[in-house]
Amino acid sequence: MASVTTSSPIAAPLPAPVKQPAIVRIEPPRGWLDLRLGDLWEYRELLYFFVWRDVKIRYKQTVVGVLWVVLQPLLTMGVFTIFFGRLARLPSEGLPYPVFYFAALVPWAYFATSLGTCTTILVSNQHVITKVYFPRLVLPFAAVSTGLIDMAIGLVVMTIITLAYGFRPGLSLLLIPLFVLLAQMTALAVGLWTSALNALYRDMAAIVPFVIQFLMLASPVAYSSSLVPPKWRALYHLNPMANVIDGFRWAFTGHGSPPGPMLFVSAGSVAVILVGGLIFFQRVEGTVVDRV
Amino acid sequence: MSDIVIRAEGLSKRYRRGVIGPPETLRDLLSRVARSPLAAMRKPSQEFFWALSDVGLEVRHGEVLGLIGRNGAGKTTLLKILSRITRPTTGWAEIHGRVRSLLEVGTGFHGELSGRENTYLSGSILGMSKREIDRKFDEIVAFAEVDKFIDTPVKHYSSGMYVRLAFAVAAHLEPEILLVDEVLAVGDINFQKKCMGKMEDVARLGRTIILVSHNMAAVNALCPRCIILNQGSVEFDGPTNEGTARYYVEALSVGSGSDLSDRRREGNAKARFTSISIQPLDKSGQPLDVAYPGCDLSINVEVECKSDFSPANLAIIISDSNGYRVIDANTAQKGQFITMRSGQAAKANFRLREVLLKPGKYLVGLWLGREAMEILDYVEHATNLDVMEGEETKQHVIIFPGVYLCRFNNDITIQDHPKDSYN
């Protein structure tokens, strides 16, 4: 093949056909277990760029927008302390109300925002997915990762509050990443279902806020999980966020419910929802573009 | 070098169409199930239409293939399937090599981010690695000529700057296989030339390209082979000059009927061309049976006004079989503008004098609008014009390229031993 020496030195001339070219076979979707997770690894840089994009855009907006990350849980904590704590006198596992509530609100804010973002992630990126190929799975993964930055800020504030109330951090803090991961996997597991459904049925996005409300009441955000009678505990802990919140409270203060057998219930629940979500999402992925 | 890099067989894509489609909301789904569970279980009888129907092709390494056809013929759908953006309903394709697709300008761009940030974001979305973008960043900025503004948010860019940067990013993709859809049609003339140049570079460097375009000049210049798609099927697959001539004149054959009501048109429909008729005349105004080079053309056009419009100009456009516009008889040239009110109808007669077109097939189009501001009605192919051999061309056996039959005088003298030829 003649090599070109004129004009732009921009692109190097192609060598002769590559020995082992990637062979991609394109055909109608088939089978339920075609998960293609390897594709996701190949596109990990793109995942990074999507997260980077969303973080950049959020933080380019007003200063208040940045402060809101901290203000919102603080304000909610204040309202809960007054109404659920002082007035209704719900038990708080021996912890001061602000500590009790803030420890729950940090992971909960992360979960609620991530699930909301994840639900609409395919539709709000429709102009991109209809023009370029990349494994659509990248988008839900990105959606549940941007919130981690806010969560990190929340954890810093939480540490300050904990220290202010006289608690000394112990080794239990090392378990925080485990609970963060559990929260992220829960958001992803549910998010895979809701984002795929939202692409197919556009009113899903209107239903999700109610789902989140319901889950908040079903999670020990405003109350302690010790309120749940023992025989209902396993059922209650099918909600993985119950373990996340208990875990956060325990990890920061050493008080409350340490992780125990219920953790396995939650982990099992997440695993089932996650695998189901992956299967459903990948099944729908090929034709989402036609519906979006 | 004759490896086949794209092989497709039986590719078909079906879309649903019709009043009762699948439920689009959960509410809809639930109410259907509630109303009649059995009916909801059965797939509702739906109207389908096949955007692609049994398309097969083979593309070799290094080939530059043009894909042409009317709007709605299935070109973009085919490209989307080969790009893996959507899956075929039936059929399969095999691709050997890395594919990148350029289906629009500015994929992934976000207004709040700066030019630099968008370059990285868009580059990554289009398939470049971060290292690749780092390496090419300066070239991209230079190609786009936005050096001073590279750190300004893109929402502040002029549309020209936006397009230049977006295309610059895309132009620096180095895939083995490139699928391009109409993106050459953006920007001003200079920029389009630059884009064409880049496409030529890419083609010359041996990459496999499939180019979808309505710009016949580009397709002719870049693609030795072309495929014509018509209503989802392959109608032609062969040398481009044959293909474009066929597409332009025959595939879109509109005959010489004068009624324009079923023609494809653009514009905001404030006016509507209703008929056209062409009568060739000789120098003295006598009607001719056919048009010859150098004859006059008397063109009668009728227009109806649907909604008031103020100064608009009317143009008769004659294009050759490659789509090049060779004549644009425009009232604006004479400073004549038309104002019409809703309900009025106009009859116009144009007398084109000494039309020195070489024998061949031409297409006549009609345009009514207000310069760059609005198009009232534009019928790209109103009717055909066949220019036949005349006295002046009858002596020649071969028709040389070019459209304008320039009349010339010439005088040739022959010398022996021309010494001291530089005075």
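This is a short talk on chain A and the way it meets chain B.

One caution before the details: the model is predicted.

Let's start with chain A alone. What does its secondary structure come to? Eleven helices and one strand. The order is easy to remember. Starting at the N terminus, you meet the strand, and then helix follows helix to the end of the list.

Now the packing. Chain A has 292 residues, and 39% of them count as buried. Next, look at contacts in chain A between residues with a separation of 6 or more. Of these, 81% join residues that sit 24 or more positions apart.

On to the contact between the chains. How many residues does each chain bring? Chain A gives 39 residues, and chain B gives 51. Which elements of chain A each supply at least two residues to that side? There are four names to find on the structure: strand E1 (23-26), helix H2 (44-60), helix H8 (204-217) and helix H11 (262-291). H2(A) provides the largest share, with seven residues. And the chemistry? On the side of chain A that touches chain B, 24 residues are nonpolar, ten are charged and five are polar.

Last, go back to the strand. E1(A) pairs across to chain B. Its partner is strand E4 of chain B, residues 90-96. Four bridges join these two strands, and they run antiparallel. To see this for yourself, find A:Val24. Opposite that residue stands B:Ile95, in E4(B).

So much for the tour. Keep two elements of chain A in mind: H2(A), with the largest share of the side that touches chain B, and E1(A), joined by four bridges to E4 of chain B.

Conventions
Residues are numbered from 1 along each chain as its sequence is written. Chains are lettered from A and ligands numbered from 1 in the order in which they are written. This is a predicted model: local features need pLDDT of at least 70, side-chain atom pairs count only at pLDDT 80 or more; totals for chains, interfaces and linings use all residues. A residue is buried if 20 or more other C-beta atoms lie within 10 Å of its own, exposed if 12 or fewer, and partly exposed in between; C-beta atoms are placed from the backbone. Two residues are in contact if their C-beta atoms, placed from the backbone, lie within 7 Å. Ala, Val, Leu, Ile, Met, Phe, Trp, Tyr, Cys and Pro count as nonpolar, Asp, Glu, Lys and Arg as charged, and the others, Gly among them, as polar. Two strands pair if DSSP finds at least two bridges between them.
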